[in-house]
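Here's a walk through one protein model, core first and then outwards to a few strands, a helix and a lysine. Keep the structure open while you read.

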Amino acid sequence: MDALSSSFLPKYSQSNTSFASTPKISRRTNIIRSHSSTTFDDHLSKLISKTAEKIKFKLLINKTKPNNVPFLTTLFKSIDDFTCNSLDSLSPFPPSIDPHHVLSGNYAPVDHELPPTACEVVEGYSNIPRCLNGVYLRNGPNPQFLPRGPHHLLDGDGMIQMVRISDGGATFCRRYIKTYKYLTERELGYAVIPSVLSSFNGGMASMARVFVATARVLAGEFKPAANGFGTANVSVALIARKLYALTESDLPYEIQVTPDGDIATVGRRDFGGGGGFLNMTAHPKVDPDTGETFAFRYSGVAPFLTFFRIDSGGRKQANVAINGVNTATVFHDFSVTENYAVFNEGQMVITPAEILRGRRPVRVDGGKIPRIGVIEKYAEDDGGMVWVDAPGVNISHAVNAWEEDGGDTVVMVAANNERIEMVFERLDLAETRMEEIRVCLKTKKVQRRLLSHRFLDLAAINPAFLGRKNRYVYCPVVEMPMKIVGLVKLDVSLSSDDCVVGTRMYGPGCTGGEPFFVAKNPAAEEDDGYLVTYVYDEISQESKFLVMDAKSPTLEIVAAVKLPGRVPDGLHGLFVTENCLSQ
């Protein structure tokens, strides 16, 4: 790993033409050595003023010469270069946005796509079970260009890593999601679209990035209002029998698995939601019985939270504005039960004015008291929504929820961020533990119980139990700095603060990802199935697709597929059966 993590920047810049065109990050320049910050203020002010005049002049010319774009592209590139090579050096990068830190180890990007490629089924294990005929798709950020400035782990372009299983054989494919952002930057030859998580570090660099981004929009080089600007890098979902790649800052992108096992991007989709529908959660919930999809979007302007559903035919239904949320807040995930949708209003808030101070617009408000809100799934407004104070509850990922006591109690199983400030400051040191959270709708009180003292997140259940009382939860074990080193199986029916009933550790030098549960058959018991995931061995520098027996107390490995390339640690995945693909 040392070789991979300490040298990936020069290594990748040598091995990929896109990366090679990106200059190395310079922390000091001759200008910085010889001038004070006051001189920089004057210099930047003059640069912006002159550039603005040039843009106005050039836009007038472009009315008669619409194809004359290279001048503006060169001009914007020069400002970007000055910002990255000079202004960024005035404010050192914290670890959370230092690309040398966040893109290290197995978080380093791979430098190329891979067409469908035959894989070797590792000897020593039984054959791959026939119920796994289908595809496992895992999404995650993978920047197509090495960052020249600050970079957050979640900034990278979405890349799908897919294994297709057919009668015991396997092929592997990885492709970028061809988002508007990806295609725009591919044409320009370097990354240009700013990130709310990383681009605003230091007053001067922040203002320069705001200016050049605005100028690009005015010049027509970048059109986010019509096309979005998201990366589609968080998850994969099956909505109304179609596959989508999602991120919460944009609309989903429809993708397809081709007959030869490749991945194709079909396009950005709004499900008929209209012009005001600009983004949605990366964690929609699909009812296993009705086929409906429940989702939400959050915004920096009121209404700050909007709940909606997509019917089984893929048509978005009416919005339900959650007016009880009075502050622009980040909502990453939520839960559904048979009758309710459950939201956690946490301490991550959106304050656009922070950009003027050279800070990211998303921050932690330590004085805010988190709440849990419960609304009926088919409510037409939020008039009957129940809010309950829940100090200390900042949910990372909601695993499942159900109702008890005739619907008077909502029970959630979720990964809770115990150090919420680390999500932005040091994501690799974030501490999440699995909890059972009971919300009494009558008394408006919350009870919490730890399910294990280990750091756990990115958990999976048998998807047939979504919104219904389940017993088993399969959780990756997280060790610092943000490495998944194994899996545990929790039995949440146990009245204990240590509900672990099964364990599989991957071994020295091995890191894994989020698991996905695949049932042996629809009539099988809740835990009668398999867990699938990717695991990387930094010693052998090989990645494998693992199949584990979910019923086994050791989560026994029953099959393994050696993959033709390294699979970076990513985010969320999905298994889709061959029958479902054919439909």
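## The big core

Start with the largest nonpolar core, which has 43 residues; the members touching the most others are Leu137, Phe545 and Leu563. The top contributor to this core is strand β4 (residues 159-166), which puts in four residues. Bear in mind that you're looking at a predicted model.

Leu137 is a good one to click on. If you skip residues up to four places away in sequence, Leu137 touches Ile160, Gln161 and Met162, then Val236, Leu243, Ile255 and Val257, and finally His572, Gly573, Leu574 and Val576. Apart from the largest core there's another one, made of 28 residues, and Phe294, Phe307, Val336 and Ile375 are among them.

## Strand β8 and its two partners

Two of the residues on Leu137's contact list, Ile255 and Val257, have numbers that fall inside strand β8, which covers residues 253-257. How much of β8 is buried? Four of its five residues are, so to speak, under cover: the strand is mostly buried.

β8 has pairing partners to look at. With strand β7 (residues 242-246), β8 pairs in the antiparallel sense over three bridges, and Ala245 sits opposite Tyr253 of β8. The two strands make a hairpin, with six residues between them.

With strand β9 (residues 263-268), β8 again pairs in the antiparallel sense, here over five bridges. Val257 stands opposite Ile263 in β9. This hairpin has five residues between its strands, and Gly261 there has a positive phi near 85 degrees.

## Helix α7

Now find helix α7, residues 180-188; its buried residues are Tyr180, Lys181, Tyr182, Thr184 and Glu185. Which elements help cover them? The cover includes β5 (169-176), α9 (224-227) and β8. Right after α7 comes Gly189, with a positive phi near 95 degrees.

## A lysine tucked away

Lys377 is worth a stop. You'll find Lys377 in the loop between β18 (371-376) and β19 (386-389). Is this lysine buried or exposed? Lys377 counts as buried because its relative accessible area is 4%, against a cut-off of under 20%.

What does Lys377 touch, leaving aside neighbours within four places in sequence? Its contacts are Asp287, Phe294, Phe307 and the run of Val336, Thr337, Glu338, Asn339, Tyr340 and Ala341. Phe294, Phe307 and Val336 also belong to the core of 28 residues. The side chain of Lys377 gets to the backbone oxygen of Glu338 at 3.3 Å. As for Ala341, it is 36 residues away from Lys377 along the chain, yet their C-alpha atoms are separated by 5.5 Å.

## A three-stranded sheet

Last stop: an open sheet of three strands, in the order β24-β25-β26, with antiparallel pairing. Which strands are at the edges? They are β24 (472-479) and β26 (500-505), each of which pairs on one side only. From one strand to the next, the twist averages 25 degrees.

Between β24 and strand β25 (residues 483-491) there are eight bridges, in the antiparallel sense. One pair to look for is Cys475 with its bridge partner in β25, Val488.

How values were computed:
Residues are numbered from 1 along each chain as its sequence is written. This is a predicted model: local features need pLDDT of at least 70, side-chain atom pairs count only at pLDDT 80 or more; totals for chains, interfaces and linings use all residues. Side-chain values use heavy atoms; hydrogens and water are left out. A nonpolar core is a set of buried Ala, Val, Leu, Ile, Met, Phe, Trp, Tyr and Cys residues joined through side-chain atoms within 4.5 Å. Buried means under 20% relative accessible area, exposed over 50%, partly exposed in between (1.4 Å probe, protein chains only). Contact means heavy atoms within 4.5 Å. Two strands pair if DSSP finds at least two bridges between them. A polar contact is a pair of N or O atoms within 3.5 Å; within protein, one must be able to donate a hydrogen and the other to accept it, and residues adjacent in sequence count only if both atoms are side-chain atoms. Axes are lines fitted to C-alpha atoms, for helices over the stretch in contact, and angles run from 0 to 180 degrees between N-to-C directions.
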